[in-house]
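Thanks for coming, everyone. Have the sequence and the 3D view open while I talk.

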Amino acid sequence: MRKVIRGFLGLGLICAAAGLWITAPRTIDADTLDGLVGNAEHGAQVFWTGGCASCHAPPTGETDEVMLLTGGKAFVTDFGTFFAPNITSDPNHGLGSWSLTEFANAMLAGVSPSGKHYYPAFPYTSYARLNDQDIVDLWAFMRTLPPSDQASKPHDVSFPFSIRRGLGLWKQLFAHPESVVSADLTPDQQRGRYLVEGPGHCGECHSPRNVLGGIDYARWLAGAPNPSGQGTIPNITPGALDWSESDIAEYLSSGFTPEYDSAGGEMAEVVENTARLPQSDRDAIAAYLKAVPAVTNK
Amino acid sequence: MSVLSKFASIALSAAVIATPVVAQDQKALEAAVKARQAQMTLYAFNLGLLGGMAKGQIEYDADKAQAAASGMAALATLDASRMWLPGTDNEAMENTRALPAIWAEGSDVGAKAEAFGAAVTAMDAAAGQGLESLQAAMGGLGGACGSCHKAYRAPKN
């Protein structure tokens with residue numbers, strides 16, 4: 001009997017240890033970014049591709065304040081309400097005192113400088129696909145932005161989602177930094193894949209999710225309910241989107257649909273970002289969207 | 001006639017007069033919504049040519065592009081105040097996505113309309129001057145349309 005109890009105890013310890021190991025925040029190797037020099041000008045392009053301002057700008061949305069990334073915008077989800085944090089260069093309330101490695105860990109691994117998991121409302125599951133040079137360039141750009149000493153609002157998340165450690169398991173299950181579309185692609189389509197699957201994080205809204213909030217990669221970009229609760233976010237695979245490549249590229253530039261209506265909802269903000277990209281990148285996104293596996297909605 | 005019945009007859013005649021006025025108002029509101037939607041349709045019709053050329057789907061023709069852009073500029077001179085009557089928002093009426101914020105205090109719809117006017121003028125000046133100049137004017141025009149739609153139009157259901 002004592003043996004059995006000891007056995008159970010041992011098994012329990014192993015499970016606990018495994019749990020701790022699985023849920024422990026993992027970070028990138030400290031020397032990964034050694035020798036790379038940041039180019040702030042190119043970092044600005046990464047910034048607009050990443051749509052950082054769309055979430056981190058103050059909720060009032062005044063266009064002249066768009067570069068003062070104080071955060072504060074609320075994101076209401078099934079798991080609780082998340083508030084975008086201050087990501088200005090302020091050393092106390094923003095990222096001013098961070099190192100490049102700490103910034104890279106936030107972006108690529110979803111881990112904070114104090115070693116905690118971030119909630120995936122911050123789309124690091126996509127940003128994990130950024131290449132090292134883009135990370136270094138983005139960081140160089142972020143450091144040029146003005147500081148704000150406005151404190152970040154704490155998230156309002158209910159139990160059990162309030163235990164950040166549990167996100168370690170979530171990451172094991174759902175965070176996959178490898179490419180989603182693995183078909184043979186032209187260099188243009190590959191560039192589009194990088195932009196869409198990585199910094200552009202299009203799949204975060206345009207792909208459906210399971211009950212735990214993990215992306216359903218079998219229905220990649222096939223549309224999903226709008227997290228705001230109003231309407232749906234459209235299927236942009238060739239199974240539903242019949243726009244030509246030039247239609248898509250024009251939409252990402254001027255916001256005009258092929259019917260010459262303008263982009264609506266959150267997509268209007270996305271277009272404000274994509275309008276700042278080089279035309280070649282908008283063309284690449286369009287080329288990739290035509291190469292995505294077609295999914296039809298029932 | 002007693003004072004009371006005098007009041008009653010005034011109230012009654014007021015009610016009789018008031019009913020057709022209200023119905024007429026409702027008609028005017030509906031006509032206003034129809035008119036502005038027709039204006040939007042005509043903008044889109046002209047943009048269809050300009051955008052098609054910008055995208056390379058229609059061959060560039062300076063005269064046709066200029067005519068379409070001038071058409072848009074003419075449309076932009078229509079008196080907006082009659083088409084955007086108070087009481088024609090999407091809470092008061094069914095067939096519109098115009099948000100009440102347009103008429104609310106602090107609305108910057110006037111500034112946005114001016115920015116749109118400037119973008120249309122820029123397109124009018126650019127469209128006939130070659131394909132690249134037309135293409136360069138598309139972004140500003142799209143941004144002007146989008147900024148008003150983003151702030152003041154309810155999403156499609």
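I'll start with confidence, then take chain B, the interface, and a few residues in chain A.

First, a caution. This is a predicted model. Its scores are ipTM 0.81 and pTM 0.87.

Now look at chain B. Its mean pLDDT is 88. Of its residues, 85% reach 70 or more. Where in chain B is confidence lowest, and where is it highest? The low end is helix 1, residues 3-54, with a mean of 76. The high end is helix 2, residues 62-75, at 98. Go to the start of the chain. Over residues 1-18 of chain B the pLDDT is below 50. Beyond near neighbours in sequence, that stretch has one contact in the model. Here is the rule to remember. Where pLDDT is low, predicted coordinates should not be read in detail.

Next, the make-up of chain B. How many helices and how many strands does it have? Five helices, zero strands. Read from the N terminus, the order is α-α-α-α-α. The chain has 157 residues, and 31% of them are buried. Now think about contacts in chain B with a separation of 6 or more. Residues 24 or more positions apart account for 66% of those. As for surface, chain B exposes about 9,300 Å². Carbon and sulfur atoms supply 63% of that exposed area.

On to the interface. One general point first. The size of an interface is often given as the accessible area lost when the parts come together. Here, chain A and chain B bury about 1,400 Å² between them. Carbon and sulfur atoms carry 52% of that buried area. Which residues of chain A lose the most area to chain B? They are A:Phe256, A:Tyr260 and A:Ser262. Together, those three make up 39% of what the chain A side buries. By residue count, the contact takes 15 from chain A and 20 from chain B.

Charges come next. Between chain A and chain B there are three salt bridges. One of them joins B:Lys150 to A:Glu272. The closest N and O atoms of that pair are 2.9 Å apart. Find both ends on your screen. A:Glu272 sits in helix 11 of chain A, residues 265-274. B:Lys150 sits in helix 5 of chain B, residues 131-152. Buried or exposed? A:Glu272 is partly exposed, at 40% relative accessibility. B:Lys150 is also partly exposed, with a relative accessible area of 34%.

Over all chains, the count comes to seven salt bridges. Let me show you two within chain A.

Take A:Arg191 and A:Asp281. Their side chains meet in a salt bridge, 2.9 Å from N to O. A:Arg191 lies in helix 8 of chain A and A:Asp281 in helix 12, residues 279-291, so this pair ties together parts that are 90 residues apart in sequence. The two ends differ in cover. A:Arg191 is partly exposed, with a relative accessible area of 29%. A:Asp281 counts as buried because its relative accessibility is 5%, and the cut-off for buried is under 20%.

Now A:Arg209 and A:Glu204. Their salt bridge is 2.7 Å, N to O. A:Arg209 is partly exposed, at a relative accessible area of 36%. A:Glu204 is buried, at 10%.

Next, a charged residue without a partner. Go to A:Arg193, in helix 8 of chain A, residues 187-197. A:Arg193 is buried, yet has no salt bridge. How far away is the nearest side chain of opposite charge? That side chain is A:Glu197, and it is 4.9 Å away. The cut-off for a salt bridge is 4 Å, so this pair does not count. What does A:Arg193 touch? Leaving out residues up to four places away in sequence, its contacts include A:Ser179, A:Val181, A:Leu185 and A:Tyr288.

Last stop, a loop. A:Ile87 lies between strand 2 (80-83) and helix 4 (100-109) of chain A. A:Ile87 counts as buried, at 11% relative accessibility. Which residues does A:Ile87 touch, not counting those up to four places away in sequence? They are A:His56, A:Leu69, A:Leu95 and A:Met142. Finally, compare A:Ile87 with A:Ser97. They are ten residues apart in sequence, and 11 Å apart in space, C-alpha to C-alpha.

That's my tour. Over to you.

How values were computed:
Residues numbered from 1 in each chain as written. Chains lettered and ligands numbered in written order. Predicted model: local features only at pLDDT ≥ 70, side-chain atom pairs only at ≥ 80, totals over all residues. Heavy atoms only, no water. pLDDT = per-residue confidence, 0-100. Helix = DSSP H or I, 4+ residues; strand = E, 2+ residues; numbered from the N terminus. Contact = heavy atoms within 4.5 Å. Buried < 20%, exposed > 50% of the residue type's maximum accessible area, 1.4 Å probe, protein only. Lys, Arg positive; Asp, Glu negative; His and termini not counted. Areas by Shrake-Rupley, 256 points an atom, 1.4 Å probe, with all protein chains shown as cover. Buried area = accessible area lost by both parts, 1.4 Å probe.
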